[in-house]
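Please open the model in a viewer and keep the sequence at hand. The tour below proceeds by selection, one region at a time.

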Amino acid sequence: MVSPGSELGGPAPVLDKDGVRLTVDEAVATVTLANPAKRNAQSPALWRALAEAGRMLPGSVRVVVLRGEGKSFSAGLDRQAFTPEGFDGEPSFIDLARGDDGVLDATIAEYQEAFTWWRRSDIVSIAAVQGHAIGAGFQLALGCDLRIVADDVQFAMRETSLGLVPDLTGTHPLVGLVGYARALEICATGRFVQAAEAERIGLANLVVPADQLDASVSDLAAALLAAPRDAVIETKALLQGVSGRTYEEQRTAERAAQGRRLRDLAGIGE
């Protein structure tokens, strides 16, 4: 599967390590989960590489596409994490559980950094999701601003079924998209949410046939790039702030943002 910036003969990778590849083609960056043999299962090393990809984005990038190679976007956390030995060179989950509370909290916070930068105000992120997006894979898709999914997609939040909780920043966007009651039901049962339901309840912006996923993502990226960058940034910030503001506070924020845009368009902005 090919997406913007990852075509044969396209830009050389800016980053290619630990199952993560970053390419940049002018205003569009593509972050690819590149371990299809393991259905793009995730590990602490992959999370660090994802966080590094976010730090390496040039200032020219306006749209970031997140995709997974192969049949699945991401099958979630690599099951090796649940073995006593864990991953080579990494503390096992058992070691973390037996350790200091501060160390445990700091370690999880580091893992979360891979999932947080997708909603930065200066970019719009699009997850192109096919096949399985389970657990950490589901949360990574939720970390993006927008989701275009193939008609074979299967989302599931399996953490609760394993005696854990979704801790990779997925709970906030999930509730925001589908509401508390449906989010609780999806997480507590661990069931699959397939394409038609995902679109109906707001998890997916668009569902397309699998062979049209890349073209649809390219079309959306082009549409996002057609609007002036500063207007998109201001609009995104306004929408992101809605949940923390009253109606009157949002009106005030809208006026302030529009004032900045008008001054900029008149050539008298700061």
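pLDDT is the predictor's confidence in each residue, on a scale from 0 to 100. The model is predicted, so a colouring by this score is a suitable start. The protein averages a pLDDT of 94, and 97% of the residues score at least 70. Select residues 1–8: there pLDDT stays under 50, and the model has 23 contacts for this stretch beyond four places in sequence. Where pLDDT is low, the predicted coordinates should not be read in detail.

Next, select the strands of the 7-stranded sheet. This open sheet has mixed pairing and the order β1-β2-β3-β4-β5-β7-β10. Its edge strands are β1 (15–17) and β10 (206–208), each of which pairs on one side only. From one strand to the next, the twist averages 20 degrees.

Stay at the β1 edge and add β2 (residues 20–25). The two strands run antiparallel and are joined by 3 bridges. Within this pair, aspartate 16 stands opposite arginine 21 in β2. Now show helix α1 (residues 44–55), which packs on the sheet and touches β1, β2 and β3 (28–33). The direction of α1 makes about 175 degrees with that of β1.

Move on to helix α4 (residues 136–143). On the 7-stranded sheet, α4 lies across β3, β4 (63–68), β5 (124–129) and β7 (146–150), and runs at about 145 degrees to β5. Helix α4 also lies across β6 and β8, where the angle to β6 is about 95 degrees.

Those two strands lead to another open sheet, in which 3 strands follow the order β6-β8-β9 with mixed pairing. Strands β6 (132–134) and β9 (193–194) each have a single partner strand, so one side of each is left without a neighbour in the sheet. Select β8 (residues 154–156) together with β9: 2 bridges join these antiparallel strands. Here glutamine 154 stands opposite glutamine 194 in β9.

Finally, select helices α5 (residues 171–178) and α6 (residues 180–189). At what angle do they pack? The angle is about 125 degrees, with the axes 7 Å apart. That value makes α5 oblique to α6. The crossing of α5 past α6 is right-handed. To view the contact, display Leu174, Val175 and Val178 of α5 with Tyr180, Arg182, Ala183 and Cys187 of α6. These contact residues divide into 6 nonpolar, no polar and 1 charged.

Technical notes
Residues are numbered from 1 along each chain as its sequence is written. This is a predicted model: local features need pLDDT of at least 70, side-chain atom pairs count only at pLDDT 80 or more; totals for chains, interfaces and linings use all residues. Side-chain values use heavy atoms; hydrogens and water are left out. Axes are lines fitted to C-alpha atoms, for helices over the stretch in contact, and angles run from 0 to 180 degrees between N-to-C directions. Helices (H or I, at least four residues) and strands (E, at least two) are DSSP runs, numbered from the N terminus. Angles under 35 degrees count as roughly parallel, over 145 as roughly antiparallel, 65 to 115 as roughly perpendicular and the rest as oblique. A crossing is left-handed if the near helix is turned anticlockwise from the far one by less than a right angle, and right-handed if clockwise. Contact means heavy atoms within 4.5 Å. Ala, Val, Leu, Ile, Met, Phe, Trp, Tyr, Cys and Pro count as nonpolar, Asp, Glu, Lys and Arg as charged, and the others, Gly among them, as polar. Two strands pair if DSSP finds at least two bridges between them.
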